[in-house]
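I opened the notebook to look up a few things in this structure. The entries follow in the order in which I took them.

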Amino acid sequence: MTDIPRDRPEAAELIAVARSVFQAELMPFLRDDLRVIGLMIANALAIAERELRDPAGGILDAWPLVLAIRAGRHDTDRALHARLLSDAVDRVAVANPKFLDQT
Amino acid sequence: MKLGSAATLDPTPGDQTPGDPTPGDPTPGDPTPGLARWLIGALGGNAAQVTRFEKLGGGAIQENWALDVVLSGGPRAGRHALVLRTDAPSLVASSHTRAQEYALLRSAWAGGVTVPEPLALASDTSVLGKPFYVMRRLAGTAAGHLLVRDDRWKGDRSALAQRLGRELARIHKIAPPQTGLEFLTVPSGPPAKSVVATLRHWLDGYRMARPALEWGLRWLDRVAPPRGAVRLLHRDFRTGNYMVDDQGLTGILDWEFAGWGDPDEDIGWFCAKCWRFGAIAREAGGIGERQDFYRGYEEESGRRIDPDRIRYWEILAHARWAVVALQQGERYVSGAEASLDLALTGRRIAELEHEILKATPP
C-alpha cells in the first residue's frame, strides 16, 4: 500500500456503487434465463469489493511449510492448524461470507 | 427439448467451427451437412436431415449440443433427439478423451445403469475438427440449484434418493478387467492413497502452495482406509450430473472422470456437503435423506455401508473438489477461457479449505 492518497471514489467505492445500481435497476429487467448470469456478476463484484476493503494476507513462501506438512512434521501441530483455520475463515469472509453462517 | 419442435434448419453458431469461413460457401462454417453425412454412415439409412444443432448450457469441461435428425431408410428411420458431446475450448488434465468417455458409457449401458444410450463415436477430426460422440437425449433437467429447491420433488425425494443409490450400486458391480476399458489404471495400493498422490502431484505444478489443502491431504494419507474391492467409479456422481423429469430419474451423465477405485469414494462424493447446492440439511446430494440413498445402495449391492468410511471419503471429496476448483479457476486466470463461472469457481477454494480444516484437527 502506498502513502500517496488515491483519487476518490476509489476502486472499492466504484465497485460498490456499480453493483448496487446493477442490482436495483438492471436485475429486475433480466430475462429468467439471464438471471443466473446477473447473480454471478453481482457476486463477482461483491467479492472484489470485500477484497479491496480488507485484503486477506496469505502465508508467504508456503512451499517449505507444505513439504514439512507432507513429511509429517506438523501432524500434532495445534498452533499451525489454528493459524491455517483462521486464515481460511478470513478468506471465506471475502469469498462467501454466507458460508460462515451456515456452519 | 421436445422432439419435432424444431422443424426448420437452425443456423449453427460459427464459433465452434475451426478455421475461417470459405469465401463463396453459401453457409460459411456450417457443419451440419458434414454431420448429416456422418450420421448416415454411423446410424444407417440413405438420407439424414439435421433439423436442430444448438449448443446446450452447462458442462464446464465438455460442450453438449442438442442434435435433432430425421433419418430416411435403414433400421433407424425416423426422428431422433440426440446429444452431441465434444471438447470445450480448454481441457482439464484429469478428464478422459471423448472416445474413452464413449467406452465408459457403453460399459455402463451394458451393465444396466440408467444412462443416455450411446449411439456412435467419431474419433477422427474430419467431421467437426475435434472428436465427438452422439447419444440419445434425455428429458428433464440436471440443474442442481433447481432440483434441490423445486417443490415438484418434495413427495418423491425419498424415491429419487433410493433410486440413485441403486444406480450407483449398479455402476459398482462393474469390476476390472473390462474389454474396452483397458485405458483405466487399476490402483496398486489403497485407492485412497492413490487419490491423495494424484492431488499432490497436481498441486506440485500449481503456481502457489496451498498449506490448508496440504494439511487435509496429509491427514487423509495418514488415516487412509485399506484396499478393498476395486470397482468402476463414476467419480462425479452428484446432483447436477443426473437428469430428472417429473416422473423421476432419466439418466446418469458426465462420465469423463470415471475410473477404478474404492466404491465408497462415489458414495462420499454424492453425500459431501459441498455438493448439496445449499440444501445442507438433506445429506443425500441436497435432494434427499442419507438413509434413503444408503438403503437403495445396500439393497442393490447386498453390501452394508460403513458410515465412518463414508465420512472419510466426504473429507476427501472436499479435497478433490478443491483441486478441481483451482483447475477451473486457473483456466480463467491463464487466459484460456474468459468465463465468469470458472472465475467464481476458483474462489470457492476458501470455503472448501475451511471445511477440510474443520474436519481434520490434530
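Entry 1, the interface. Before reading a number I wrote down the term: buried area is the accessible area, taken with a 1.4 Å probe, that two parts lose on being put together, summed over both. I also noted that the model is a predicted one. For chain B and chain A the buried area comes to about 2900 Å². Carbon and sulfur atoms account for 66% of it. I then looked up who takes part: the contact draws 36 residues from chain A and 30 residues from chain B.

Entry 2, charged and polar pairs. How many salt bridges does the rule find across the interface of chain B and chain A? I found six listed. I picked out the pair A:Glu51 and B:Arg347, which forms a salt bridge with its closest N and O atoms 2.5 Å apart. Eight residue pairs are in polar contact across the interface of chain B and chain A. Next I asked which helices of chain B serve the side that touches chain A. Helix H5 (191–204), H6, H10 and H11 of chain B each supply at least two residues there. H11(B) gives the most, with seven residues.

Entry 3, helix H11 of chain B. I stayed with this helix, residues 349–359. Of its 11 residues, 10 are buried, so the helix is largely enclosed by the rest of the structure. The buried residues include B:Ile349, B:Leu352, B:His354 and B:Ala359. What do the buried residues of H11(B) pack against? On chain A, I noted helix H4 (78–95) and helix H5 (97–102). On chain B, I noted helix H6 (211–222), helix H9 (307–333) and helix H10 (340–346).

Entry 4, the sheet of chain B. I traced five strands in an open sheet, in the order S1-S2-S3-S5-S4, with antiparallel pairing. Why is one side of S1 (47–55) and of S4 (118–122) left without a neighbour in the sheet? Both strands stand at the edges and each has a single partner strand, so one side of each stays free of a neighbour in the sheet. The twist averages 25° from one strand to the next. I then checked one pairing: S3 (residues 78–87) and S5 (residues 132–136) of chain B run antiparallel and are joined by five bridges. The bridge partner of B:Arg85 in S5(B) is B:Tyr133.

Entry 5, helices across the sheet. Helix H1 (residues 32–43) of chain B lies across S1, S2 (62–72), S3, S4 and S5, at about 120° to S1(B). Helix H2 (residues 98–110) of chain B lies across S2, S3, S4 and S5, at about 160° to S4(B).

Conventions
Residues are numbered from 1 along each chain as its sequence is written. Chains are lettered from A and ligands numbered from 1 in the order in which they are written. This is a predicted model: local features need pLDDT of at least 70, side-chain atom pairs count only at pLDDT 80 or more; totals for chains, interfaces and linings use all residues. Side-chain values use heavy atoms; hydrogens and water are left out. Two strands pair if DSSP finds at least two bridges between them. Axes are lines fitted to C-alpha atoms, for helices over the stretch in contact, and angles run from 0 to 180 degrees between N-to-C directions. Contact means heavy atoms within 4.5 Å. Buried means under 20% relative accessible area, exposed over 50%, partly exposed in between (1.4 Å probe, protein chains only). A salt bridge is a side-chain nitrogen of Lys or Arg within 4 Å of a carboxyl oxygen of Asp or Glu. A polar contact is a pair of N or O atoms within 3.5 Å; within protein, one must be able to donate a hydrogen and the other to accept it, and residues adjacent in sequence count only if both atoms are side-chain atoms.
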